[in-house]
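Trainee: I would like to learn how to read a structure like this one. Could we go through it feature by feature?

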Amino acid sequence: LDADDDFPAHSGVSLGTRWCQLERYEEGAEAFKSACEVSPSPRMLQQWAVAEDLRGNLSGAVAAYHQQLAKEPDSVSGWMGLAAVCSRIPDYPESQRALNEVLRLRPGDPEATQLQQAPAEEEIRWKAAGSQPRHPLQN
C-alpha cells in the first residue's frame, strides 16, 4: 500500500471529527461513514457509532457498533457504547448482552454492574404499567 492509499479515510475522519466539534452531527456521521467505507478500522467504526448516536440515529449507531465489535470483540468501550444505545432504543436484551460482554472482559466492573440493573428495572416498570416499550424504529 502506498502512503496515500488511506488518505480518503483519514480525510473523512478529520472531517467527521471537525463536524462533530461544531455540533453538526449529521455531517459528522456521514463523514465517518464514508471513511469507514474506505478503511473500516475498529477505531473509525466506533467514531462513526458515536456520531450516529449524537445525531439521534440509534439504529445506525447499533449497526456501526456491531461492525466494530465484529472486528474488535474485546473492546470494552465498544460494548459499553452498544449497551448505552440499546438501553435508549429500548432493546433490553441486546443491552444486557453487551453488559454481559463487558463483565466477561472486566469481571466486577462497577459501571457495567450498576447499568445492568437499570434496563431490568425499566422493563419491570413498563410491564407493571401493562405495556411494553415501543421500539422507536417500529411503526
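**Helix packing, burial and salt bridges**

Mentor: Start with one pair of neighbours: α4 and α5 are roughly antiparallel to each other, because an angle over 145 degrees counts as such. Keep in mind throughout that this is a predicted model.

Trainee: At what angle do helix α4 and α5 pack, and how far apart are their axes?

Mentor: The angle is about 155 degrees, and the axes of helix α4 (residues 58-71) and α5 are 10 Å apart. The crossing of α4 and α5 is left-handed.

Trainee: Which residues make that contact?

Mentor: From α4 come Leu58, Ala61, Val62, Tyr65, His66, Gln68 and Leu69. From α5 come Gly78, Trp79, Gly81, Leu82, Val85, Cys86 and Arg88. Sorted by class, the contact of α4 with α5 has nine nonpolar residues, four polar and one charged.

Trainee: Before we go on, how many helices and strands are there in the protein?

Mentor: The protein has seven helices and zero strands. Along the sequence the pattern reads α-α-α-α-α-α-α.

Trainee: How do helix α5 and helix α6 cross?

Mentor: Read this pair in the order used before: angle, handedness, residues, classes. The axes of helix α5 (residues 76-88) and helix α6 (residues 92-105) come within 8 Å and cross at roughly 160 degrees. An angle over 145 degrees counts as roughly antiparallel, so α5 and α6 are roughly antiparallel to each other. Their crossing is left-handed.

Trainee: Which residues of α5 and α6 make the contact?

Mentor: On the α5 side they are Val76, Trp79, Met80, Leu82, Ala83, Cys86 and Ser87. On the α6 side they are Tyr92, Glu94, Ser95, Arg97, Ala98, Leu99, Glu101, Val102 and Leu105. By class, the contact of α5 with α6 has eleven nonpolar, two polar and three charged residues.

Trainee: Now burial. What percentage of the residues in the protein is buried?

Mentor: Buried residues make up 38% of the 139 residues. To classify a single residue, compare its relative accessible area with the cut-offs: under 20% is buried, over 50% is exposed, and in between is partly exposed.

Trainee: Take Ala35. Where does Ala35 lie, and is Ala35 buried or exposed?

Mentor: Ala35 lies in helix α2 (residues 25-38). Its relative accessibility is 0%, so Ala35 counts as buried. You can also look at distances along and across the chain: Ala35 and Leu15 are 20 residues apart along the chain, and their C-alpha atoms are separated by 9.4 Å.

Trainee: And Glu52, is it buried or exposed?

Mentor: Glu52 counts as buried, because its relative accessibility is 2%. Glu52 sits in helix α3 (residues 42-54). Leaving out residues up to four places away in sequence, Glu52 touches Ala29, Asn57, Gly60 and Ala61.

Trainee: How many salt bridges does the structure hold?

Mentor: The structure holds nine salt bridges. In one of them, the side chains of Arg88 and Asp53 meet at 2.1 Å, N to O. Arg88 lies in helix α5 and Asp53 in helix α3, so this pair ties together parts that are 35 residues apart in sequence. Arg88 is partly exposed at 43% relative accessible area, and Asp53 is partly exposed at 22%.

Trainee: How far apart in sequence are Arg97 and Glu94?

Mentor: Arg97 and Glu94 are three residues apart, about one turn of the helix, and both lie in helix α6. They form a salt bridge whose closest N and O atoms are 2.8 Å apart. Check each partner separately: Arg97 is partly exposed, at 37%, while Glu94 is buried, at 14%.

Trainee: What distance separates the closest N and O atoms of Arg106 and Asp109?

Mentor: In that salt bridge the distance is 4.0 Å. Arg106 counts as partly exposed, with 46% relative accessibility, and Asp109 counts as buried, with 12%. Salt bridges can also share partners: Glu26, Glu30, Glu52 and Arg55 are joined in this way into one network.

Trainee: Last, what percentage of contacts in the protein between residues at least 6 apart in sequence joins residues at least 24 apart?

Mentor: The share is 42%.

Conventions
Residues are numbered from 1 along each chain as its sequence is written. This is a predicted model: local features need pLDDT of at least 70, side-chain atom pairs count only at pLDDT 80 or more; totals for chains, interfaces and linings use all residues. Side-chain values use heavy atoms; hydrogens and water are left out. Axes are lines fitted to C-alpha atoms, for helices over the stretch in contact, and angles run from 0 to 180 degrees between N-to-C directions. Helices (H or I, at least four residues) and strands (E, at least two) are DSSP runs, numbered from the N terminus. Angles under 35 degrees count as roughly parallel, over 145 as roughly antiparallel, 65 to 115 as roughly perpendicular and the rest as oblique. A crossing is left-handed if the near helix is turned anticlockwise from the far one by less than a right angle, and right-handed if clockwise. Contact means heavy atoms within 4.5 Å. Ala, Val, Leu, Ile, Met, Phe, Trp, Tyr, Cys and Pro count as nonpolar, Asp, Glu, Lys and Arg as charged, and the others, Gly among them, as polar. Buried means under 20% relative accessible area, exposed over 50%, partly exposed in between (1.4 Å probe, protein chains only).
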